[in-house]
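Open the model in your viewer and keep the selection panel at hand. The tour below goes from stop to stop and says what to select at each.

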Amino acid sequence: LNEHATFTFSVTAPNYPAGDTLAASATVDGQGYATGYKTIDYPHITFLTLQPPAHLHALALDLKCTAKNIAYLPGAGDSVSECMTAMGLNVTQITGKDLTPETLKKFDAVVLGVRALNVRTDLPSMQPLFDYATAGGTVIVQYNRPDGIKVSTIGPFELRLSSNRVTDENAPVTFLAPDSAALNTPNKITQADFDNWTQERGIYYPATWAKEYTPILSASDPGEQPLAGALLIAPMGDKGHFVYTSLVFFRELPQPNPGAYRLFANLLSLSKP
């Protein structure tokens, strides 16, 4: 009882893109065990102890990312920060008080967690992020719900959200701006990068946006009109960028989906060619 042991092993990745699940199990006194241990501890709910299967997802792929230092402003909760760390990036969690020129200039990109603009109360304005992008950085805002936005302006140019979504994870994707850096560098994005997505393509798509934004992708559920707002990019200053994306990276990266990693790496790299 209460005994612990540590075991070390190595895993060799294949020399081709592949994903797999690594599982752990133990036999003690003839009894097999193959579960892990996880707690859920928040002030507003009862403390919970879970025993999920003891496994993790592993992914081997050819991935390039020219950005290295990333700031992450958490939202309602996702594991995108951990996924960027798994990409080999230096990820720093920040809060609203860190949105100063002195702090932000250390980062190649700033990523906002899902629904950050719905739940954070320490963002009186998005202007510090717009200024950072104008100075040469990249800002990536993941999806928000159209109701309950806590800032007056979502993007540096007009951008209005809707409840529209593409629920078919296999919906064909059209490249609206095939020459965009988001689809070409440092990873060449192809239709294969949208294979094996999970649950959806995107949610809460923008309904309208200013001409300064370039729509990169479109898709639609069967029998419905194509939606073009899944990935919008606006240039800022000489080399900065503001990105708004309704793509469900928060689902695809933890899966893990190789195409989602390659596309997200391109977005992080926009200001670091």
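A salt bridge here is a side-chain nitrogen of Lys or Arg within 4 Å of a carboxyl oxygen of Asp or Glu. Keep in mind that this is a predicted model.

**Stop 1: salt bridges**

Start with K211 and E212, whose side chains form a salt bridge with 3.5 Å from N to O. Colour the two by accessibility: K211 is exposed, at a relative accessible area of 75%, while E212 is partly exposed, at 29%. Next select R165, E200 and R251, which are joined into one network by salt bridges that share partners.

Now go to D62 and K64. Their side chains also meet in a salt bridge, 3.4 Å from N to O, and K64 is partly exposed, with a relative accessible area of 40%.

Then select D108 and K272. The closest N and O atoms of this salt bridge are 3.7 Å apart. D108 sits in the loop between α2 and β9 (109-112) and K272 in the segment after α6 (258-268), so the pair ties together parts that are 164 residues apart in sequence. Is D108 buried or exposed? D108 is buried, since its relative accessible area is 14%, under the 20% limit for that class. K272 has 35% relative accessibility and counts as partly exposed. The model has 10 salt bridges by this rule.

**Stop 2: the largest pocket**

Turn on a surface and select A24, S25, A26, Y33 and T35. The largest pocket holds about 920 Å³ of space, and these five residues are the closest to its centre among the 21 that line the pocket. Which elements give two or more residues to this lining? They are β1 (18-23), β2 (26-28) and β6 (55-60). By class, the lining has 13 nonpolar, 7 polar and 1 charged residues.

**Stop 3: the second largest pocket**

Move on to L104, K105, Y132, A135 and G137. The second largest pocket has about 250 Å³ of space; of its 16 lining residues, these are the closest to the centre. Two or more lining residues come from each of α2 (101-104) and α4 (127-134), and α4 gives the most, with 3 residues. The lining of the second largest pocket divides into 7 nonpolar, 4 polar and 5 charged residues.

**Stop 4: a cavity**

Hide the surface and select V173, F194, W197, R201, Y205, L217, S218, A219, A230 and L247, which line the largest cavity. Its volume is about 60 Å³, and the count of cavities of 30 Å³ or more comes to 1. The lining of the largest cavity is made up of 8 nonpolar, 1 polar and 1 charged residues.

**Stop 5: a nonpolar surface patch**

Bring the surface back and select F9, V11, L22 and L56. Together they form a nonpolar patch with about 410 Å² of accessible area. V11 lies in the segment before β1 and is exposed, with a relative accessible area of 54%.

**Stop 6: backbone details**

Most residues other than glycine have a negative phi, and most peptide bonds are trans. The next four selections depart from that pattern.

- D29: phi is near 55°, a positive value in a residue other than glycine. D29 is in the loop between β2 and β3 (31-33) and is exposed, at a relative accessible area of 81%.
- R115: phi is near 60°, again positive. R115 is in the loop between β9 and α3 (116-119) and counts as partly exposed, at 26% relative accessibility.
- T185 and P186: the peptide bond from T185 to P186 is cis, with omega near 0°. P186 lies in the loop between β12 (174-175) and β13 (206-209).
- Q255 and P256: the peptide bond from Q255 to P256 is cis, with omega near 0°. P256 is in the loop between α5 (249-252) and α6.

**Stop 7: a buried loop residue**

Finish at Q142, in the loop between β10 (138-141) and β11 (159-161). At 2% relative accessibility, Q142 counts as buried. Add G75 to the selection and draw a distance between the two C-alpha atoms: they are separated by 9.2 Å, with Q142 and G75 lying 67 residues apart along the chain.

Conventions
Residues are numbered from 1 along each chain as its sequence is written. This is a predicted model: local features need pLDDT of at least 70, side-chain atom pairs count only at pLDDT 80 or more; totals for chains, interfaces and linings use all residues. Side-chain values use heavy atoms; hydrogens and water are left out. Patches are made of residues with over 30% relative accessible area and no salt bridge: like charges are joined within 9 Å, nonpolar side chains (Val, Leu, Ile, Met, Phe, Trp, Tyr) within 5 Å. Accessible areas come from the Shrake-Rupley method with a 1.4 Å probe; for residues, only the protein chains shown count as cover. Helices (H or I, at least four residues) and strands (E, at least two) are DSSP runs, numbered from the N terminus. Buried means under 20% relative accessible area, exposed over 50%, partly exposed in between (1.4 Å probe, protein chains only). On a 1 Å grid over the protein atoms alone, a cavity is a set of points where a 1.4 Å probe fits but cannot get out, and a pocket is an open set with protein on both sides within 12 Å along at least five of seven lines; lining residues have an atom within 4 Å of a point. Grid points are joined across faces, edges and corners, and a volume is the space filled by probe spheres set on the points. Ala, Val, Leu, Ile, Met, Phe, Trp, Tyr, Cys and Pro count as nonpolar, Asp, Glu, Lys and Arg as charged, and the others, Gly among them, as polar.
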